[in-house]
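Visitor: I've got a few minutes and a structure to look at. Mind walking me through it?
Guide: Sure, let's pull it up and take it piece by piece.

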Amino acid sequence: MDKAAGAVPSGKVESLLVVAQQGGGSAWQAVVLGTDGIRHAVTLAGADGTVTSNTVAEQGPATHR
């Protein structure tokens, strides 16, 4: 979880799932929320926890100032 959270500045892990890895084996997929309200789908290699992808999953609701 620390590696997933570290992939997004000041990120907090909301969920963590085991997913199938291409070519066999398993990996981890985490949804990480950044302080800017943007959620990232972070995938980590199952063998060593290396971050293999980090994509924007969803942006939180807009805030009005």
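Visitor: Let's start with Thr 43: is this residue buried or exposed?
Guide: Keep in mind that this is a predicted model. Thr 43 sits in strand S3. The cut-off for buried is under 20% relative accessible area. Thr 43 has a relative accessible area of 18%, so the call is buried.

Visitor: And leaving aside neighbours within four places in sequence, which residues is Thr 43 in contact with?
Guide: Some of the partners have numbers below that of Thr 43, namely Ala 27, Trp 28 and Gln 29. The others are Thr 50, Val 51, Thr 52 and Ser 53.

Visitor: Which residues make up the largest nonpolar core?
Guide: There are 6 residues in that core. Strand S2 (26-33) and strand S3 (38-45) each supply at least two of them. The members are Ala 4, Val 8, Ala 30, Val 32, Val 42 and Leu 44.

Visitor: Take Leu 44 from that core. Leaving aside neighbours within four places in sequence, what is Leu 44 in contact with?
Guide: Leu 44 is one of the core residues, and so is Ala 4. Ala 4 turns up again among the contacts of Leu 44, together with Lys 3, Ala 27 and Trp 28. The rest of the list is Gly 49, Thr 50, Val 51 and Thr 52.

Visitor: Over to the surface: which residues make the nonpolar patch of about 400 Å²?
Guide: Val 18 is a member, and at 54% relative accessibility this residue counts as exposed. Leu 16 belongs too, but at 34% counts as partly exposed. Both Val 18 and Leu 16 are in strand S1. The full set is Met 1, Leu 16, Val 18 and Trp 28.

Visitor: What distance separates the C-alpha atoms of Leu 16 and Met 1?
Guide: Along the chain, these two are 15 residues apart. Leu 16 touches Met 1, and also Trp 28, Gln 29 and Ala 30, not counting residues up to four places away in sequence. The C-alpha separation is 7.8 Å.

Visitor: Which side chains meet in a salt bridge?
Guide: Side chains of opposite charge can pair when their charged atoms come close. A search of the whole structure turns up 1 salt bridge, with an N to O distance of 2.6 Å. One partner lies in strand S1 and the other in strand S3, so the pair ties together parts that are 25 residues apart in sequence. The partners are Glu 14 and Arg 39.

Methods: Residues are numbered from 1 along each chain as its sequence is written. This is a predicted model: local features need pLDDT of at least 70, side-chain atom pairs count only at pLDDT 80 or more; totals for chains, interfaces and linings use all residues. Side-chain values use heavy atoms; hydrogens and water are left out. Patches are made of residues with over 30% relative accessible area and no salt bridge: like charges are joined within 9 Å, nonpolar side chains (Val, Leu, Ile, Met, Phe, Trp, Tyr) within 5 Å. Accessible areas come from the Shrake-Rupley method with a 1.4 Å probe; for residues, only the protein chains shown count as cover. A salt bridge is a side-chain nitrogen of Lys or Arg within 4 Å of a carboxyl oxygen of Asp or Glu. Helices (H or I, at least four residues) and strands (E, at least two) are DSSP runs, numbered from the N terminus. Buried means under 20% relative accessible area, exposed over 50%, partly exposed in between (1.4 Å probe, protein chains only). A nonpolar core is a set of buried Ala, Val, Leu, Ile, Met, Phe, Trp, Tyr and Cys residues joined through side-chain atoms within 4.5 Å. Contact means heavy atoms within 4.5 Å.
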